[in-house]
Amino acid sequence: MTDQEKFDTIAEAAGLALDDAERVRLMEGYNGLQKLLAQIPDMALAPDEPAIAYVMPTTRVQR
Amino acid sequence: MTASEYPTIAATARALRAGTTTARELVTASLERLQATQDTLHSAITIMTDEALVAADKADVDLKTGKDLGPLHGIPIGLKDIYDTAGTLTTCNSRMLEDNVPDADADSVARLRAAGAIFTAKLATHEFANGGPSFDLPWPPARNPWNPDHVPGGSSSGSGAAVAAGLVMGAMGSDTGGSIRGPAGLNGIVGLKPSYGRISRRGIFPLSWTQDHAGPMTRTVEDCAIMMQALSGYDPHDPASVDTPVPDYLAALEGQVEGLKVGIVRDWYRPEGLADPESTAQVEGAAALLQEAGMTVRDITLPDNADFHACGRIIILSEAFAIHRKGLLATPERYGEFLRDRIRLGAFISAHEYISALRFRRHLTQATLDAMAAADVDVLLTANQYGTAEKFGNSSPTFPFFGKPYLTMAFNLTGQPALTVCGGFAANGLPIGVQLAGKPYEDDLLLRVGHAFETARGALGRTPKI
């Protein structure tokens, strides 16, 4: 699958209605986004995971 | 205008109590300046004339009868138009909310009101605190008072312009990747992104739940401390709010700075001419002044700024798309083109990529705090931007964040407090800010260092010619 095909597939699945000009602009953004995503390392699980903690409503965070 | 027409909050508070001015006079002057500069600067979305004058008269009566609410009593303040204000239009500069009148104040607005502040304007913003400057929105973009051909930065564009131009004495901005510190630097004022959790975001339209910070923009660090005193405190209705004692920020300014250790982060702006020579020189000049004030300055290496930038941008795009998805799918034409394009990019980030960015964020934060501990530094010093404010027309690519990494993003990820103070001016007459950052919840120490820098720097000696 080409990058353009991947882009079109995701856009359609997300329900984005793009005219031709928007499609061109957003494809440019999509290409730039791939470079940002490539900078995020594939990190091994660490003992102090998870990075995302669910905090119950009414929890009072104190320091 | 002369410098004497730009009084600080601190000086004005003294004048009010000495009886040499009144809240009515101050508010009237603010309203007149906002109105007089609107065609040039476009800094306001709503000028709150009637409400402000009623509040001013009440403030004068209260002060005369001994009800003194503190240094913000009777002071004209502006609010970025993403802050909810009960009974007053709050638009986020978007057709999506152009008729929106909230029922309640944002927590920070309520705190400022309780401290006696008087709101004279809801100020210009990039649409939903992102995606500008744009010319296809309900209100035109604000302009830089030092030269209206140039941008004032964003997204707290009106707040930066209005404070610099003396239209209000202080303003509220919001900062998700640098939206307080950017305009503060480009307009020659002070801007603080406090520690994450220090100021409630309840009632402020979100851009990114995990990176949004609310904070003050003022003309001096002392004024910033005055606003922080009113704004800080636990809010059980903001899940990110942290219950921790509120320091005496004004008292902290007078603390000792001799012996404090400053880490200068040159890697972020100096290699390969990233920053222009004048911006680099301002950071070096700031380092010299901090040393003269008795602090030690040493180099420190932090994680690569490009990593912070990529991580932060992925988180913002993901969360912003989640916030705006429904509107973008149902009525995309009601958004401006820039915001529509930028936020729709979030649709192309998968769940695992977003979560990987959140995990990387924790790694970057820990690495930053570890580096500060290893280098034994109290605060960080680095550039605020790569250069002075761009001209309109040169500064609006659809996706500006694919260029150089923002110098401000790192501290939105780490949650550390970060303060921008004007270092001086470039040859083109535009201001250049420098950026200081502290350890989490050491906002008071950071303000002390900023105040020491400002004192050592001396008065700027010029004001915008508007």
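# Exercises on a predicted two-chain model

Thr382(B) is found in strand S10 (residues 379-383) of chain B. The model is a predicted one, and the exercises below begin with this residue.

## Exercise 1. A threonine in a strand

Determine whether Thr382(B) is buried or exposed, and identify what its side chain reaches.

Solution.
- Step 1. The relative accessible area of Thr382(B) is 2%. Buried means under 20%, so Thr382(B) is buried.
- Step 2. The side chain of Thr382(B) reaches the backbone oxygen of Val265(B) at 3.0 Å.
- Step 3. Leaving out residues up to four places away in sequence, Thr382(B) touches Val265(B), Trp268(B), Tyr269(B), Val283(B), Val434(B) and Gln435(B). Val265(B) thus appears both in this list and as the partner of the side chain.

## Exercise 2. Confidence

State what confidence the predictor gives to chain A, to chain B and to the complex.

Solution.
- Step 1. For chain B, the mean pLDDT is 96, and 98% of the residues reach 70 or more.
- Step 2. For chain A, the mean pLDDT is 90, and 97% of the residues reach 70 or more.
- Step 3. Within chain A, the element with the lowest mean pLDDT (88) is strand S1 (residues 61-62), and the one with the highest (96) is helix H1 (residues 3-14).
- Step 4. The complex receives an ipTM of 0.95 and a pTM of 0.97.
- Step 5. A general caution applies: where pLDDT is low, predicted coordinates should not be read in detail.

## Exercise 3. The nonpolar cores

Identify the residues that touch the most other members of the largest nonpolar core, and the element that gives this core its largest share.

Solution.
- Step 1. The largest nonpolar core has 117 residues, and those touching the most other members are Leu72(B), Leu112(B), Phe348(B), Leu381(B) and Leu447(B).
- Step 2. Helix H10 (residues 305-330) of chain B supplies the largest share of this core, ten residues.
- Step 3. Take Leu112(B) as an example. Apart from neighbours within four places in sequence, Leu112(B) is in contact with Leu72(B), Leu79(B), Ala117(B), Phe119(B), Met172(B), Met227(B), Ala230(B) and Leu231(B).
- Step 4. A second, separate core has 23 residues, including Leu123(B), Val151(B), Ala162(B) and Ala171(B).

## Exercise 4. A cavity and a residue in its lining

State how many cavities of 30 Å³ or more are counted, and describe Asn93(B), which helps to line the largest cavity.

Solution.
- Step 1. The count is three cavities of 30 Å³ or more.
- Step 2. The largest cavity holds about 60 Å³ of space. Its lining has 15 residues, and Asn93(B), Thr125(B), His126(B), Leu137(B) and Pro141(B) lie nearest its centre.
- Step 3. Asn93(B) is placed in the loop between strand S2 (76-80) and helix H4 (107-114) of chain B. Its relative accessibility is 2%, so Asn93(B) counts as buried.
- Step 4. Asn93(B) has a positive phi, near 50 degrees, in a residue other than glycine.

## Exercise 5. Two buried acidic residues

Locate Glu127(B) and Asp81(B), and list what each touches.

Solution.
- Step 1. Glu127(B) lies in the loop between S3 and H5 of chain B, and at 1% relative accessibility it counts as buried.
- Step 2. The side chain of Glu127(B) makes a polar contact with the side chain of Ser94(B) at 2.7 Å. Beyond four places in sequence, the residues touched by Glu127(B) include Asn93(B), Leu137(B), Arg334(B) and Tyr335(B).
- Step 3. Glu127(B) and Arg340(B) are 213 residues apart in sequence, yet 9.9 Å apart in space, C-alpha to C-alpha.
- Step 4. Asp81(B) lies in the loop between S2 and H4 of chain B, and is buried, with a relative accessible area of 0%.
- Step 5. Beyond four places in sequence, Asp81(B) is in contact with Ile45(B), Leu89(B), Thr90(B), Thr91(B), Cys92(B), Lys122(B), Leu123(B) and Thr125(B).

## Exercise 6. Backbone geometry

Find which residues are joined by a cis peptide bond, and give the phi of His42(B).

Solution.
- Step 1. The cis peptide bond joins Gly154(B) and Ser155(B), with omega about 10 degrees. Ser155(B) is in the loop between S3 and helix H5 (157-164) of chain B.
- Step 2. His42(B), although not a glycine, has a positive phi of about 50 degrees. His42(B) is in the loop between helix H2 (23-41) and strand S1 (44-47) of chain B.

Terms used:
Residues numbered from 1 in each chain as written. Chains lettered and ligands numbered in written order. Predicted model: local features only at pLDDT ≥ 70, side-chain atom pairs only at ≥ 80, totals over all residues. Heavy atoms only, no water. Helix = DSSP H or I, 4+ residues; strand = E, 2+ residues; numbered from the N terminus. Buried < 20%, exposed > 50% of the residue type's maximum accessible area, 1.4 Å probe, protein only. Polar contact = N/O pair within 3.5 Å; in protein donor to acceptor, adjacent residues only side chain to side chain. Contact = heavy atoms within 4.5 Å. pLDDT = per-residue confidence, 0-100. Core = buried A, V, L, I, M, F, W, Y, C linked by side-chain atoms within 4.5 Å. 1 Å grid on protein atoms, 1.4 Å probe; cavity = no way out; pocket = protein on both sides within 12 Å on 5 of 7 lines; lining within 4 Å. Points joined across faces, edges and corners; volume = space filled by probe spheres on them.
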